[in-house]
Amino acid sequence: MEAFLVEGGRRLEGSLRVDGAKNAVLPIMAAAILTEEEVILEDVPRITDAMHMAEILTILGCDVEQENRCVTVRSGALHGWEMPDRLSKQIRSSIFLLGPILSRFRKATVTYPGGCEIGLRPIDLHLRGLRSLGVEITESGGMIHCDGSFMRSGDVYFDYPSVGATENVMMAAVLLSGMTTIHNAAREPEIVDLQNMINAMGGHVRGAGSQMIEIEGVRRLHGVRWTPMPDRIVAGTLLAAGAITGGEIELTNAPAADMMAVLSKLREMGCVIHEEPGRLVLSAPERLSAFAQLQTQPHPGFPTDMQVQMLALLSVAQGTGVIMENVFENRFTHAGDLNRMGARILCSGRTAVVQGVEKLYGARVTARDLRGGAALVLAGLRAQGVTQVDQACLVDRGYDHLEDQLSALGAKIQRINV
Ligand code: EPZ
């Protein structure tokens with residue numbers, strides 16, 4: 001097993017470029033099978049979730065080439081409409097393939113993606129959305145069998161603006177003749193990126209980023225060369241690293257316009273942030289001030305994927321603050337480890353009350369999911385002494401060698417085998 005070893009107490013300074021977004025790349029790789037022509041994706045981060053998605057596409061019969069940060073998908077020989085059980089459990093985002101596979105084959109078999117540390121991660125909204133398009137779905141033995149023989153365009157209404165379900169239905173509808181309208185759609189920027197790529201392939205999708213998305217079906221899509229949007233969560237995490245160490249960092253290729261909620265909270269904590277299109281410069285005070293409260297919400301509210309990083313910042317801030325996690329049911333699993341480092345966090349259900357402390361102390365802690373693992377690294381950057389964060393592999397799911405990125409900003413961090 002690999003771990004990060006972090007020596008705290010160093011102020012981060014320097015400049016980094018933000019890579020492509022995991023949560024844009026994964027649905028976009030799935031969308032690549034909507035055409036038999038070549039799809040070239042650039043600036044794809046070297047993260048394990050993307051590698052697993054490439055592996056699934058390969059098993060389904062696609063030709064997938066990865067060279068550095070460029071991924072080429074040719075799905076002419078795509079033959080499989082049954083998702084490999086092992087892999088679809090390994091990454092939840094394999095569920096994004098349901099829509100595109102139905103578009104190609106009018107049938108699909110997938111296994112229930114596993115839940116994970118942050119919650120049960122049900123897919124009822126995905127299935128209800130597809131049923132609204134006439135897909136017949138039966139479930140047996142943990143497998144989901146979809147028959148799309150009579151799929152048709154129509155209206156889809158989501159009880160909750162689910163990101164994945166919105167993306168799945170968009171991809172299922174793009175080759176269906178007629179107009180499909182998604183009501184109460186999720187508004188995340190990654191959905192806009194997916195729309196823009198589908199339109200660059202010849203699709204007719206509009207409204208992504210709003211609660212109503214209209215998909216006018218087309219007969220076919222053609223290949224494309226596409227650069228996914230930059231990762232707003234990695235960017236937020238790097239800004240948080242500068243903030244927790246009282247540092248000064250610049251991010252280039254940063255999706256500033258998609259990060260308003262995070263920038264607002266960091267400013268509330270005393271950070272001065274200069275922003276312009278594609279560039280952010282943060283300078284942080286020696287000690288942050290606590291925000292009164294933070295609530296996670298669907299976009300454009302505060303992103304749940306930045307919640308636990310902010311929990312780490314709040315734990316060393318001046319004052320007391322409250323965090324409410326409204327999106328997932330179990331996203332405070334790292335509070336215990338932060339408390340072992342000297343934090344004063346009291347969790348009850350979806351609420352955490354945090355009394356900021358002057359000092360954290362290095363300890364051996366364990367990542368339980370990718371964002372929580374990153375947050376423990378952030379705490380280690382501030383802590384007195386050395387912190388070991390076990391299960392670095394979980395952080396690698398969504399961060400492309402986080403230790404290299406932070407080292408480039410002056411952190412003393414290394415990856416070790418334990
Ligand atoms: C996407 O997950 C992201 N993953 C998540 O990022 C992110 O936290 C989440 O959106 C919210 O922004 C990718 O894009 C690959 P949801 P997704 O469907 O699509 C419930 C990260 O760290 N729900 O919007 O799974 C669900 O349980 C990851 O990068 C249902 O009840 O999120 C959750 O409570 C973590 N039924 C809420 O909705 C469903 O059918 C939000 O889920 C689907 C979801």
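This is a short tour of the ligand site, two empty spaces and two unusual backbone spots in a predicted model.

Before you start clicking, note that residues are numbered from 1 along each chain as its sequence is written, and that side-chain values use heavy atoms, with hydrogens and water left out. Because the model is predicted, local features need pLDDT of at least 70 and side-chain atom pairs count only at pLDDT 80 or more, while totals for chains, interfaces and linings use all residues.

**Stop one: the ligand**

Select the ligand and the 22 residues around it (a residue is near when one of its heavy atoms lies within 4 Å). Asp 124, Leu 125, Ser 162, Asp 305 and Val 327 come nearest. By type, this shell divides into 9 nonpolar, 5 polar and 8 charged residues (Ala, Val, Leu, Ile, Met, Phe, Trp, Tyr, Cys and Pro count as nonpolar, Asp, Glu, Lys and Arg as charged, and the others, Gly among them, as polar).

Now show the polar contacts, pairs of N or O atoms within 3.5 Å. A polar side-chain atom of Ser 162 is 2.7 Å from an oxygen atom of the ligand. At Gly 164, a backbone N or O atom sits 2.8 Å from a ligand oxygen, and at Lys 22 a side-chain N or O atom is 3.0 Å from one. The ligand alone exposes 820 Å², and the protein buries 89% of that (areas by the Shrake-Rupley method with a 1.4 Å probe).

Next, colour helix H1 (22-31), helix H5 (124-131) and helix H6 (163-173), the elements that give two or more residues to the shell. Helices are DSSP runs of H or I with at least four residues, strands are runs of E with at least two, and both are numbered from the N terminus. H5 supplies the largest share, 3 residues.

Which domains does the shell draw on? At least three residues come from each of domain 1 (2-19 + 230-417) and domain 2 (22-226), with bounds from an automatic or database assignment.

**Stop two: the largest cavity**

Keep Lys 22 selected and add Asp 19, Pro 45, Asp 231 and Tyr 399, which are among the residues lining the largest cavity. On a 1 Å grid over the protein atoms alone, a cavity is a set of points where a 1.4 Å probe fits but cannot get out, and lining residues have an atom within 4 Å of a point. About 70 Å³ of space lies inside, a volume being the space filled by probe spheres set on the points. This lining, too, draws at least three residues from each of domain 1 and domain 2.

**Stop three: two backbone oddities**

Most residues other than glycine have a negative phi, and most peptide bonds are trans. Select Asp 43, in the loop between strand S3 (39-41) and helix H2 (48-59): its phi is positive, about 60 degrees, although it is not a glycine. Finish at Pro 300, in the loop between strand S17 (293-295) and helix H10 (307-315). The peptide bond from His 299 to Pro 300 is cis, with omega near 10 degrees.

Terms used. Polar contact = N/O pair within 3.5 Å; in protein donor to acceptor, adjacent residues only side chain to side chain. 1 Å grid on protein atoms, 1.4 Å probe; cavity = no way out; pocket = protein on both sides within 12 Å on 5 of 7 lines; lining within 4 Å.
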